[in-house]
Amino acid sequence: MNFCNIQRRGNRGRIFNENAVMELLRKLPETTCELVDCAELSGKEQVAKAARADIIVGMHGAGLTHIQYAHDLVLVELHAMCVYKAKL
């Protein structure tokens, strides 16, 4: 089984415990796990990575657009916990 973890730079949309998540995924039997920074890949390379993945893990947002090229995919879409202060 091929895991693909979509990485984002900066503080927004970033998985803060990404290293711990990757360490756990790599312990699963008969799996390969890859951390992918789409900013470093061409569009063609991004599509190829998504097409080969069985499972994609990533933060909610445009960074998951590539799932449209995957077949029989399991998507683990993470959502940030946010606290908003209402302006009264």
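**Salt bridges, helices and strands in a predicted model**

In this predicted model, the side chains of lysine 49 and glutamate 34 come together in a salt bridge, with 2.5 Å between N and O. The pair links distant parts of the chain, since lysine 49 sits in helix α2 and glutamate 34 in strand β2 (residues 32-37), 15 residues apart. Glutamate 34 has a relative accessibility of 34% and therefore counts as partly exposed, a class that lies between the 20% and 50% limits. How many salt bridges does the structure hold? There are two. The other is formed by glutamate 23 and lysine 27, whose closest N and O atoms are 4.0 Å apart. Glutamate 23 is partly exposed, with a relative accessible area of 49%, whereas lysine 27 is exposed, at 61%.

It helps to place these pairs in the overall architecture. The protein chain has two helices and four strands, and from the N terminus on these elements follow the order β-α-β-α-β-β. Of its 88 residues, 27% count as buried. The accessible surface of the chain comes to about 6,600 Å², and carbon and sulfur atoms contribute 55% of that area. Among contacts with a separation of 6 or more, 47% are between residues 24 or more positions apart.

A word on confidence is useful before going into detail. The chain averages a pLDDT of 77, and 77% of the residues score at least 70. Confidence is lowest in strand β1 (residues 2-7), with a mean of 67, and highest in α2, with 86. Where pLDDT is low, the predicted coordinates should not be read in detail.

Helix α1 (residues 18-26) offers a clear view of how burial is arranged around a helix. Its buried residues are Glu18, Met22 and Leu25. Seen down the helix axis, the buried residues of α1 fall within an arc of 65°, so they line one face of the helix. The face turned away from this buried side carries the exposed residues Asn19 and Leu24.

Helix α2 (residues 43-52) contains glutamine 46. Is this glutamine buried or exposed? With a relative accessible area of 13%, glutamine 46 is buried, because the value falls under the 20% limit. Apart from neighbours within four places in sequence, glutamine 46 is in contact with Cys38, Leu41 and His66. Lysine 49, the salt-bridge partner of glutamate 34, belongs to this helix as well.

Beyond α2, alanine 53 lies in the loop that leads to β3 (55-59). Alanine 53 is buried, with a relative accessible area of 4%. In sequence, 21 residues separate alanine 53 from valine 74, and in space their C-alpha atoms are 8.8 Å apart.

Strand β3 is mostly covered, with five of its five residues buried. Which residues of β3 point one way, and which the other? Ile55, Val57 and Met59 point to one side and Ile56 and Gly58 to the other, and all are buried. The strand pairs with β4 (residues 74-78) in the parallel sense, over five bridges. Within this pairing, glycine 58 has glutamate 77 of β4 as its bridge partner.

Two loop residues deserve a closer look for their backbone geometry. Most residues other than glycine have a negative phi. Glutamate 30, in the loop between α1 and β2, has a phi near 55°, a positive value in a residue other than glycine. At 77% relative accessibility, glutamate 30 counts as exposed, the value being over 50%. Aspartate 72 likewise is not a glycine, yet its phi is positive, at about 50°. Aspartate 72 is found in the loop between β3 and β4, and it too counts as exposed, with a relative accessibility of 77%.

Technical notes: Residues are numbered from 1 along each chain as its sequence is written. This is a predicted model: local features need pLDDT of at least 70, side-chain atom pairs count only at pLDDT 80 or more; totals for chains, interfaces and linings use all residues. Side-chain values use heavy atoms; hydrogens and water are left out. Buried means under 20% relative accessible area, exposed over 50%, partly exposed in between (1.4 Å probe, protein chains only). Contact means heavy atoms within 4.5 Å. The arc is that of the directions from the helix axis to the C-beta atoms. Accessible areas come from the Shrake-Rupley method with a 1.4 Å probe; for residues, only the protein chains shown count as cover. Two strands pair if DSSP finds at least two bridges between them. pLDDT is the predictor's confidence in each residue, from 0 to 100.
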